[in-house]
Amino acid sequence: MCKLLMSINPEHVENILAGRKKFEFRKRLANKSVDTIIIYSTSPVMKIVGEVKVKDAYEKAPSTLWEYTKKNAGITRKKYREYFTGCKKAFAYELEEVKKYEKDFNLEEIGIYQAPQSFIYISDEQYIKLQK
């Protein structure tokens, strides 16, 4: 099991932290089994704001994945379709146990100097720094 630092749009971050978005959609999954997603809120926030446990990961045809996730997708069907336009496969992490950090962190505080395009793996040492 591993931890990912994932770049997520602030609108979606807010919905994840509020429990309205239970799935994080991606065009690909990590190669390793993920147990925790560390949430990096992209511009204009540009901070690590919390984490969420991963219950499961899915790979399905886009229409099939939408039918499975739509009640807790946290996005509109239109946005979902736009994101997966032209894709034969759609991917999602099912989220549970959201934790908002007491303080937000800059990437540099855990030794990262550029926001990930999608996600990067986080070491145990980096993760420990976020638990203080």
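**Exercise 1. The lining of the largest pocket**

Task: In this predicted model, determine how the residues of the lining of the largest pocket divide into nonpolar, polar and charged, and which elements give two or more residues to that lining.

Solution. Begin with the list of residues: the largest pocket is lined by Ser 7, Ile 8, Asn 9, His 12, Lys 21, Glu 24, Phe 25, Arg 26, Ile 75, Lys 79, Glu 82 and Tyr 83. Sorting these by residue type gives four nonpolar, three polar and five charged residues. Next, assign the residues to secondary structure, which shows that β1, β2 and α3 are the elements that contribute two or more residues to the lining. Finally, the space in this pocket comes to about 300 Å³.

**Exercise 2. The largest nonpolar core**

Task: Find which members of the largest nonpolar core touch the most other members, and which element gives the most to this core.

Solution. The core has 18 residues, and those touching the most other members are Leu 4, Met 6, Val 34, Ile 37, Ile 39 and Tyr 93. Looking at where the members come from, one finds that β1 (2-8), α1 (10-17), β3 (34-41), β4 (47-60) and β5 (90-105) each supply at least two residues, and that β1, with four residues, gives the most. Then take Ile 39 as an example and leave aside its neighbours within four places in sequence: the remaining contacts include Met 6 and Ile 8, Val 13, Ile 16 and Leu 17, and also Ile 48, Val 49 and Val 52. Apart from this core lies another one, of twelve residues, including Phe 105, Ile 112, Ile 122 and Leu 130. As a general background, nonpolar side chains in soluble globular proteins tend to be buried together.

**Exercise 3. The buried residues of helix α2**

Task: Identify the buried residues of helix α2, and explain why they can be placed with respect to the helix axis as they are.

Solution. Taking residues 62-69 as the helix and under 20% relative accessible area as the cut-off for burial, one obtains Pro 62, Leu 65, Trp 66 and Thr 69. These residues cover an arc of only 100° around the axis, and therefore they lie on the same side of α2. The last step is to ask what they pack against, and the partners are β2 (23-26), β4, α3 (77-83) and β5.

**Exercise 4. Backbone exceptions**

Task: Locate the cis peptide bond, and state where Met 46 and Glu 97 are found.

Solution. Most residues other than glycine have a negative phi, and most peptide bonds are trans. The cis bond joins Ser 43 and Pro 44, with omega at about 10°, and Pro 44 has its place in the loop between β3 and β4. Met 46 also belongs to the loop between β3 and β4; this residue has a positive phi of about 55° although it is not a glycine, and is partly exposed, with a relative accessible area of 46%. Glu 97, by contrast, is found in strand β5, has a positive phi of about 50°, and counts as exposed at 57% relative accessibility.

**Exercise 5. The surroundings of Lys 27**

Task: Establish which residues Lys 27 touches, not counting residues up to four places away in sequence.

Solution. First place Lys 27, which lies in the loop between β2 and β3 and counts as partly exposed at 46% relative accessibility. With the sequence neighbours set aside, Lys 27 touches Tyr 83, Phe 84, Cys 87 and Phe 91. As a further check on the chain path, the C-alpha atoms of Lys 27 and Lys 89 are separated by 7.7 Å, with these positions 62 residues apart along the chain.

Notes. Residues are numbered from 1 along each chain as its sequence is written. This is a predicted model: local features need pLDDT of at least 70, side-chain atom pairs count only at pLDDT 80 or more; totals for chains, interfaces and linings use all residues. Side-chain values use heavy atoms; hydrogens and water are left out. A nonpolar core is a set of buried Ala, Val, Leu, Ile, Met, Phe, Trp, Tyr and Cys residues joined through side-chain atoms within 4.5 Å. Buried means under 20% relative accessible area, exposed over 50%, partly exposed in between (1.4 Å probe, protein chains only). Contact means heavy atoms within 4.5 Å. The arc is that of the directions from the helix axis to the C-beta atoms. On a 1 Å grid over the protein atoms alone, a cavity is a set of points where a 1.4 Å probe fits but cannot get out, and a pocket is an open set with protein on both sides within 12 Å along at least five of seven lines; lining residues have an atom within 4 Å of a point. Grid points are joined across faces, edges and corners, and a volume is the space filled by probe spheres set on the points. Ala, Val, Leu, Ile, Met, Phe, Trp, Tyr, Cys and Pro count as nonpolar, Asp, Glu, Lys and Arg as charged, and the others, Gly among them, as polar.
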